[in-house]
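User: I should like to go through the terms used for a structure and see what each rests on. Please set every value against its definition.

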Amino acid sequence: MFWFVWAVVGVVVWWAMSLICKGKATGSGWWASLIAALLGSWLGDLVLGDWLWMWAGFNVIAGAIGAVVITWLWCLVVKQLK
């Protein structure tokens, strides 16, 4: 169940960030931005630990924060490279 919650948080944040980071940053490299969101979700849970809203052993708030940060950084990197 942990992996399911992790994937749902990552995909939801990826979808929201794809609406915010418009243009070429998410257009052709949507797989890369999805991987960044999933990685950020996992890292957020790993680094920020167990606090606030835990669901099936996954810290939903920390995972969302991590996914937003990593996806935003990925968006900035891709914009700089293009």
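Analyst: Residues 54–77 have end C-alpha atoms 31 Å apart, and this span is 75% helix and 17% strand. The model is predicted: local features need pLDDT of at least 70, side-chain atom pairs count only at pLDDT 80 or more, and totals for chains, interfaces and linings use all residues. Residues are numbered from 1 along each chain as its sequence is written, and side-chain values use heavy atoms, with hydrogens and water left out.

User: What makes residues 54–77 a "transmembrane region"?

Analyst: The name comes from the record: an unreviewed UniProt entry lists residues 6–23, 30–48 and 54–77 under that heading. Such positions are given in the numbering used here, feature names are shortened, and annotations may be inferred rather than shown by experiment. Residues 30–48, also in that list, are 100% helix and 0% strand, with end C-alpha atoms 26 Å apart.

User: How do you know how many helices and strands the protein has?

Analyst: Helices (H or I, at least four residues) and strands (E, at least two) are DSSP runs, numbered from the N terminus. By that count the protein has four helices and two strands, in the order α-α-α-β-β-α from the N terminus on. The radius of gyration is 12 Å, close to the 12 Å that the globule rule gives for 82 residues, so the protein is as compact as a globular protein of that length. This radius is taken over C-alpha atoms, and the rule is 2.2 Å times the number of residues to the power 0.38.

User: Why is the reach of α3 called close to the expected one?

Analyst: The expected span is 1.5 Å times one less than the number of residues in the helix. Helix α3, residues 30–48, has 19 residues and reaches 26 Å from its first C-alpha to its last, close to the 27 Å expected. For α4, with 22 residues, the reach is 31 Å and the expected value 32 Å, again close. Just after α3, G49 takes a positive phi of about 80°.

User: Why is N59 called buried, and A64 partly exposed?

Analyst: Buried means under 20% relative accessible area, exposed over 50%, and partly exposed in between (1.4 Å probe, protein chains only). N59, in strand β2, has 0% relative accessibility and therefore counts as buried. A64, in helix α4, has a relative accessible area of 25% and is therefore partly exposed. Buried residues of α4 include A62, G63 and G66. Of the 82 residues of the protein, 35% count as buried.

User: What makes N59 a residue that touches D45 and W51?

Analyst: Contact means heavy atoms within 4.5 Å. Not counting residues up to four places away in sequence, N59 touches D45, G49, D50, W51, W53 and M54. D45 is among the buried residues of α3, and the buried residues of that helix pack against α1 (2–20), β2 (58–59) and α4 (60–81). A64, with its neighbours within four places set aside, is in contact with V9 and V13.

User: How do you know that the side chain of N59 makes a polar contact with I61?

Analyst: A polar contact is a pair of N or O atoms within 3.5 Å; within protein, one must be able to donate a hydrogen and the other to accept it, and residues adjacent in sequence count only if both atoms are side-chain atoms. At the start of α4, a side-chain oxygen of N59 reaches to within 3.4 Å of the backbone nitrogen of I61. The side chain of N59 also reaches the backbone nitrogen of A62 at 3.4 Å.
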